[in-house]
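Grab a pencil and work through these exercises one at a time. Try each task yourself before you read the solution.

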Amino acid sequence: MHYWELAKEDQRALRPEDFMLTREFTTRWRDNDAWGHLNNAAYYEYFDNAINDWFLEQLGPTLSHDATLQFVAESACRYFRETAYPRPLIVGVRVARLGHSSITFELGLFDAPDGVVGDICALGRWVQVFVDGETRTPVSVPESVRAMIAAAS
């Protein structure tokens with residue numbers, strides 16, 4: 001089941017434990033916008049960091065020195081409630097689909113003030129495609145990445 005396809009009321013009920021792994025972050029002063037809440041672009045930075053932190057933690061910098069590159073082919077975010085600086089956050093990561101050359105991630109961003117996880121603030125969808133560094137054409141998801149996903153599932 002893809003969380004992205006759930007009814008919005010069911011998406012609002014998601015919790016960090018519904019995701020395969022979580023990453024903790026703290027909002028930064030620069031994340032706030034003129035209205036005093038987290039700017040929409042900052043959500044994407046946290047999603048990107050959660051995915052890439054996981055890759056670096058599990059695989060080290062090997063992918064960044066490989067002839068295979070990763071590009072974001074699609075991204076989306078549904079916002080449910082605001083958050084702001086200063087706040088601890090939890091980003092949940094799950095693989096919704098592992099394709100031949102791409103991975104579709106679903107990400108939940110949660111407020112966690114005083115160590116208590118609040119309701120979901122946003123649900124993200126992120127499609128990352130693997131491409132040949134020279135030709136920029138799609139290639140298979142590396143076996144090391146497939147094994148990393150299998151181990152986390």
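**Exercise 1. Find which residues of H2 and H3 meet, then describe how the two helices pack.**

Step 1. Start with the contacts in this predicted model. From H2, the residues involved are Trp54, Phe55, Gln58 and Leu59, and they meet Ser144, Val145, Met148, Ile149 and Ala152 of H3.

Step 2. Sort those residues by class. You should get 7 nonpolar and 2 polar residues, with no charged ones, in the contact of H2 with H3.

Step 3. Now the geometry. Two packed helices are described by the angle between their axes and by the distance between those axes. For H2 and H3, the angle is about 100° and the axes lie 11 Å apart. That makes H2 roughly perpendicular to H3.

**Exercise 2. Work out which residues of H3 are buried and how they are arranged around the helix.**

Step 1. Go along H3, residues 143–152, and pick out the buried ones: Val145, Met148 and Ile149.

Step 2. Look down the axis of H3. The buried residues fall within an arc of 95°, so they line one face of the helix.

Step 3. Check the face turned away from that buried side. There you'll find the exposed residues Glu143, Ala150 and Ala151.

Step 4. Ask what the buried residues of H3 pack against. The partners are helix H2 (40–59) and the strands E3 (88–98), E4 (102–111) and E5 (120–132).

Step 5. Finish with the direction of H3. The helix lies across E1, E3, E4 and E5, and runs at about 115° to E3.

**Exercise 3. Write down the strand order of the open sheet and name its edge strands.**

Step 1. Remember that strands of a sheet pair through backbone hydrogen bonds, either parallel or antiparallel. Here the pairing is antiparallel, and the 5 strands come in the order E1-E3-E4-E5-E2.

Step 2. Look for strands that pair on one side only. Those are E1 (21–26) and E2 (68–79), the edge strands.

Step 3. Add the twist: neighbouring strands of this sheet are turned by 25° against each other on average, direction ignored.

**Exercise 4. Decide how E4 is paired with E3 and E5, and whether its residues are buried or exposed.**

Step 1. Take E3 first. E3 and E4 pair in the antiparallel sense over 9 bridges, and a hairpin joins E3 to E4 through 3 residues. Two examples of facing residues: valine 91 stands opposite leucine 109 in E4, and leucine 89 stands opposite aspartate 111 in E4.

Step 2. Turn to E5. Its pairing with E4 is antiparallel too, over 9 bridges. Leucine 107, for instance, has glycine 124 in E5 as its bridge partner.

Step 3. Split E4 by direction. Ser102, Thr104, Glu106, Gly108 and Phe110 point one way, while Ile103, Phe105, Leu107, Leu109 and Asp111 point the other way, and all are buried.

Step 4. Draw the conclusion: 10 of the 10 residues of E4 are buried, so E4 is largely enclosed by the rest of the structure.

**Exercise 5. Locate histidine 2 and list its contacts beyond its neighbours in sequence.**

Step 1. Histidine 2 sits in the segment before helix H1 (8–11).

Step 2. Its relative accessibility is 24%, so histidine 2 counts as partly exposed; buried would need a value under 20%.

Step 3. Leave aside the neighbours within four places in sequence. Histidine 2 is then in contact with Arg94, Ala96, Arg97 and Glu106.

Conventions:
Residues are numbered from 1 along each chain as its sequence is written. This is a predicted model: local features need pLDDT of at least 70, side-chain atom pairs count only at pLDDT 80 or more; totals for chains, interfaces and linings use all residues. Side-chain values use heavy atoms; hydrogens and water are left out. Buried means under 20% relative accessible area, exposed over 50%, partly exposed in between (1.4 Å probe, protein chains only). Helices (H or I, at least four residues) and strands (E, at least two) are DSSP runs, numbered from the N terminus. The arc is that of the directions from the helix axis to the C-beta atoms. Contact means heavy atoms within 4.5 Å. Two strands pair if DSSP finds at least two bridges between them. Axes are lines fitted to C-alpha atoms, for helices over the stretch in contact, and angles run from 0 to 180 degrees between N-to-C directions. Angles under 35 degrees count as roughly parallel, over 145 as roughly antiparallel, 65 to 115 as roughly perpendicular and the rest as oblique. Ala, Val, Leu, Ile, Met, Phe, Trp, Tyr, Cys and Pro count as nonpolar, Asp, Glu, Lys and Arg as charged, and the others, Gly among them, as polar.
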